[in-house]
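Open the structure in your viewer and keep the selection tool at hand. The stops below are meant to be taken in order.

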Amino acid sequence: MNKRLILTAIISCSFCSVMHAGDITGNIKTKKDKYKKNAVVYIDKIEGKKFDPPKEHKILDQKYLTFVPHVLPALTGTTVDFINSDDVLHNVFSPDNCAEKFNLGYWPKGEKRSYTFNEPGCLAVVLCNVHPEMEGYVVVVETPYYAVTDENGNYLIKNVPPGNYILKIWHERLKGEEQEITISQEGTVTANFELKR
């Protein structure tokens, strides 16, 4: 085999993991349309596989006296930077044990504080001592295969390797049943959810 053929084979193989993957798409149904947004749909775990957290930090901003985004999914071990983009002092804390009841103190506009979420499955509410109306969530997941629903309740999880999985959903107010799904080497699987109290 000459060098050109070897190079072609290497290049072709480098796309194997992308070519042999499927997508998961779907929609959630709720009684009130305002609850369709900000649900986290995710593959619970893959047996025998552990994923390294991203080197790049995730960002949860404090802007217009709200947490942006309102819901932030993060792989186990991910560090989240909490930024203050407002002209007032902010604070970030969580009362949840799975987030060690952290309190990052107070800081002005343009500064940030960080926290690493190491507990798999943690559903941490984040609050501000200065502004009690502010509330956000960090949802700690064990795989990088997750998505947040848009305002119409739609979601898309891309490039999922072939296999059988449990697909779960989290919502701050409502509940939905988990689903068993099978991803083939290519194509799209549709999984819709109905959320209720």
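The tour goes through aromatic rings, then nonpolar cores, then a histidine in a loop. Keep in mind throughout that this is a predicted model.

**Stop 1: the aromatic rings**

A search of the whole structure gives six aromatic pairs. Start by selecting phenylalanine 102 and phenylalanine 117, whose ring centres are 5.9 Å apart. Their planes stand at 85°, above the 60 degrees required, so this pair is edge-to-face. The two residues come from distant parts of the chain, 15 residues apart. Phenylalanine 102 sits in the loop between strand E7 (90-93) and strand E8 (103-107), while phenylalanine 117 belongs to strand E9 (residues 112-117).

Are these two residues buried or exposed? Both phenylalanine 102 and phenylalanine 117 are buried. For phenylalanine 117 the relative accessibility is 1%, so it counts as buried.

Now add tyrosine 115 to the selection. Its ring centre lies 4.9 Å from that of phenylalanine 117 and the planes are at 80°, so this pair is also edge-to-face. Tyrosine 115 has a relative accessibility of 11% and therefore counts as buried. Add Phe82 as well: Phe82, Phe102, Tyr115 and Phe117 make up one aromatic cluster.

**Stop 2: the nonpolar cores**

In soluble globular proteins, nonpolar side chains tend to be buried together. Which members of the largest nonpolar core touch the most other members? Select Ile24, Tyr155, Ile157 and Leu167; they have that place among the 24 residues of this core. Next, colour strand E1 (22-29), strand E2 (40-43), strand E13 (154-160), strand E14 (163-170) and strand E15 (179-183), each of which supplies at least two residues of the core.

Centre the view on isoleucine 157. Not counting neighbours within four places in sequence, isoleucine 157 contacts Gly22, Asp23, Ile24, Val41, Tyr42, Tyr145, Tyr146, Ala147 and Leu167.

Another core, of 20 residues, lies apart from the largest one. Its members include Phe67, Phe102, Phe117 and Cys128, so selecting it brings back the phenylalanine pair from the previous stop, with centres 5.9 Å apart.

**Stop 3: histidine 131**

Where is histidine 131? Look in the loop between strand E10 (123-127) and strand E11 (135-141). With a relative accessibility of 12%, histidine 131 falls under the 20% limit and so counts as buried.

Show its side chain together with that of histidine 90: a polar contact of 3.3 Å joins the two. Outside its neighbours within four places in sequence, histidine 131 is in contact with Leu65, Val88, Leu89 and His90.

Terms used. Residues numbered from 1 in each chain as written. Predicted model: local features only at pLDDT ≥ 70, side-chain atom pairs only at ≥ 80, totals over all residues. Heavy atoms only, no water. Phe/Tyr/Trp six-rings, centres within 6.5 Å; stacked < 30°, edge-to-face > 60°. Helix = DSSP H or I, 4+ residues; strand = E, 2+ residues; numbered from the N terminus. Buried < 20%, exposed > 50% of the residue type's maximum accessible area, 1.4 Å probe, protein only. Core = buried A, V, L, I, M, F, W, Y, C linked by side-chain atoms within 4.5 Å. Contact = heavy atoms within 4.5 Å. Polar contact = N/O pair within 3.5 Å; in protein donor to acceptor, adjacent residues only side chain to side chain.
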